[in-house]
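Let's take a walk through this one, starting from the whole chain and working down to a few residues worth a look. Have the viewer open alongside.

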Amino acid sequence: MNLNPPQGMRDFYPEDMLFRNYLFDKWREISRIYGFEEFDAPIVESADLFRRKSGEEIDEQIYVFKDKGGRELALRPELTPSLARLILSRIKELHFPLRWFGIVQCFRYERAQKGRKREHYQWNVDIIGEESPIAESEVIAAAVNVMTGLGMTSRDFKVRIGHRGILHDILKYHECEMKYFNQICLALDKRGKIADEAIKEMLKSDGLPESEIQKIFKIMEIRNIEEIESIIDNKSTSLNNLKELFNLLEIYNLKDFIEFDIGIIRGLAYYTGIVFEGFDVERKYRAIFGGGRYNNLLQNLGGKDLPAVGLGFGDVVIKELLEYKNMELKTNAKPDIAIAFLSDNERDFAIKIAELIRKKGISTDLFLKPEKPKKIFSLCNKMKKRFVILIGENEKETGSVTIKDMNSGIQEEVAINDIIKKIAP
RNA sequence: GUGGGUGUAGUUCAGCGGUCUAGAGCACCAGACUGUGGAUCUGGUUGUCGUCGGUUCAAAUCCGAUCACCCACCCCA
């Protein structure tokens with residue numbers, strides 16, 4: 001019998017749930033503070049919902065299966081198509097802009113690797129129905145606040161911001177041939193990951209002439225918006241858009257967290273404008289979160305265009321990063337109090353004491369059978385209990401309990417009425 | 001889908017053709033008796049050496065297949 005979970009799927013032991021809940025709580029808290037409402041959708045959707053979106057290629061990466069009625073269903077690889085479905089079916093009654101978020105489990109059928117599994121949880125934040133870059137800035141601000149809430153600073157991570165349209169404009173200015181746009185995007189994406197020479201080779205084998213390749217490398221050197229301004233004129237709406245976003249983010253006081261990066265492309269075909277990704281400064285990990293503007297959200301479902309900005313923030317990379325930085329978690333969710341008894345004669349008395357404490361909302365772990373004191377204290381020590389309440393013959397007779405403070409090692413006999421005072425002062 | 005790496009006690013790993021009747025650290029269990037944990041000490045347990053097959057007098061060790069995990073690519077969240 002193979003005890004492993006299916007390939008790329010994850011088990012969450014209690015100690016893993018500690019981190020997961022910690023992260024989810026952070027996501028929820030920031031969502032609430034930034035005024036987003038939570039929603040969810042089925043984890044299983046009609047396979048067509050996901051296919052329709054971005055061509056055929058995605059098909060191979062979706063878990064597809066047939067239900068007993070022969071309908072083709074899929075485990076969701078992402079939340080956005082479901083979001084589009086929900087919005088479209090209430091398009092008349094919803095008032096925009098909408099701010100929705102979800103914390104959802106997604107699946108992708110592909111080989112697992114560092115920072116990527118076949119299954120992950122993802123925080124999704126979307127603002128639907130707003131053209132202005134203030135939508136982007138709200139979403140980016142929320143993501144940055146999650147990061148800082150997890151203890152990260154601007155020395156640990158940066159949000160790199162790019163713009164598809166600007167790349168287009170620059171290429172046009174350089175009179176690059178647009179038929180190579182996809183290859184150019186690919187080359188930009190590769191920069192920093194593989195050697196420049198290898199990129200050149202790649203472009204060459206794609207059929208780009210030497211002159212074009214040189215232009216592209218010049219473009220890749222662009223490091224800030226001012227450089228772009230000096231290259232292309234002010235009529236570029238994309239450029240103005242991006243400038244406005246940077247101004248806005250300065251008002252949010254996020255200047256230290258953001259950088260312009262012409263190389264941020266993002267794969268998804270549906271991004272239409274500003275795109276951004278969060279990275280650790282050492283670049284040891286892949287993007288922590290990413291998102292951007294996708295103004296044709298509803299098109300694929302037969303609706304009208306609706307401006308939208310979205311963000312996805314997965315649980316896998318951030319966990320690896322926090323572990324690497326030794327910042328994963330400090331809380332201990334285990335019960336603080338343990339109640340133990342020495343023989344069956346005291347069991348019922350111990351139950352009554354446990355219930356008394358639990359009625360006060362205090363987390364209490366009750367031993368289920370009698371144990372020797374040595375074992376009781378040894379176990380409680382391992383489980384890091386704060387207090388151990390011991391009940392034996394003596395205690396039962398006098399109607400009291402023995403409470404031991406595991407930190408100090410001091411113990412005393414306490415009357416029933418004084419227990420709460422002792423353990424929860 | 002392609003390429004590479006790794007599977008040995010609960011766990012992290014060492015051993016890489018004959019003394020292996022397979023080890024080490026950590027973990028675990030036990031240290032007269034009575035109602036008391038954490039440090040140290042002493043003793044002890046733990047394994048179809050991933051699975052199946054092959055080569056050999058001899059296989060954890062070599063070869064093949066298979067499964068699983070990891071890493072990279074492809075692609076992307």
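What follows goes from the overall fold to one helix, one strand and a handful of loops.

First, the ground rules: this is a predicted model, in which local features need pLDDT of at least 70 and side-chain atom pairs count only at pLDDT 80 or more, while totals for chains, interfaces and linings use all residues. Residues are numbered from 1 along each chain as its sequence is written, chains are lettered from A and ligands numbered from 1 in the order in which they are written, and side-chain values use heavy atoms, with hydrogens and water left out.

Start with the big picture. Chain A has 15 helices and 16 strands, where helices (H or I, at least four residues) and strands (E, at least two) are DSSP runs numbered from the N terminus. Its radius of gyration is 28 Å, against the value near 22 Å for a compact globule of 425 residues; that radius is taken over C-alpha atoms, and the globule rule is 2.2 Å times the number of residues to the power 0.38. Along the principal axes, the C-alpha atoms of chain A fill a box of roughly 95 × 55 × 50 Å. To get a feel for the span, pick lysine 235 and threonine 398: they sit 163 residues apart along the chain, and their C-alpha atoms are separated by 88 Å.

How much of chain A is buried? The share is 48% of the 425 residues, with buried meaning under 20% relative accessible area, exposed over 50%, and partly exposed in between (1.4 Å probe, protein chains only). The accessible surface of chain A comes to about 22,300 Å², and carbon and sulfur atoms own 48% of that; these areas come from the Shrake-Rupley method with a 1.4 Å probe, and for residues only the protein chains shown count as cover. As for contacts (heavy atoms within 4.5 Å), take those in chain A between residues at least 6 apart in sequence: 67% of them join residues at least 24 apart.

Now for the inside. Helix α11 (residues 315-324) has seven of its ten residues buried, so it is largely enclosed by the rest of the structure. Those buried residues are Asp315, Val316, Val317, Ile318, Glu320, Leu321 and Leu322. What do they pack against? The partners are α1 (14-33), β6, α4 (134-149), β9 (274-280) and β11 (308-314). Just after α11, asparagine 326 takes a positive phi of about 60°.

One of those partners, β6, deserves a stop of its own. Glutamine 122 lies in this strand, which covers residues 119-128, and asparagine 124 lies in β6 too. Glutamine 122 counts as buried at 16% relative accessibility, and asparagine 124 counts as buried at 4%. Their side chains make a polar contact of 2.7 Å (a pair of N or O atoms within 3.5 Å; within protein, one must be able to donate a hydrogen and the other to accept it, and residues adjacent in sequence count only if both atoms are side-chain atoms). Leaving aside neighbours within four places in sequence, glutamine 122 is in contact with residues including Trp27, Cys106 and Phe313. With residues up to four places away again not counted, asparagine 124 touches Leu79, Thr80, Trp100, Phe101, Gly102 and Leu311.

On to the loops and some backbone geometry. Most residues other than glycine have a negative phi, and most peptide bonds are trans. Against that background, look at the peptide bond from phenylalanine 96 to proline 97, which is cis with omega near -5°. Proline 97 lies in the loop between α3 (80-89) and β5 (98-107).

Two loop residues have a positive phi: asparagine 253, near 70°, and lysine 384, near 60°. Asparagine 253 sits between α10 and β8 (258-260) and is exposed, with a relative accessible area of 66%. Lysine 384 is in the loop between α13 (373-382) and β14 (387-391), and at 59% lysine 384 is exposed as well.

Finally, back to lysine 235, in the loop between α9 (225-231) and α10 (237-251). Is lysine 235 buried or exposed? With a relative accessible area of 71%, lysine 235 is exposed.
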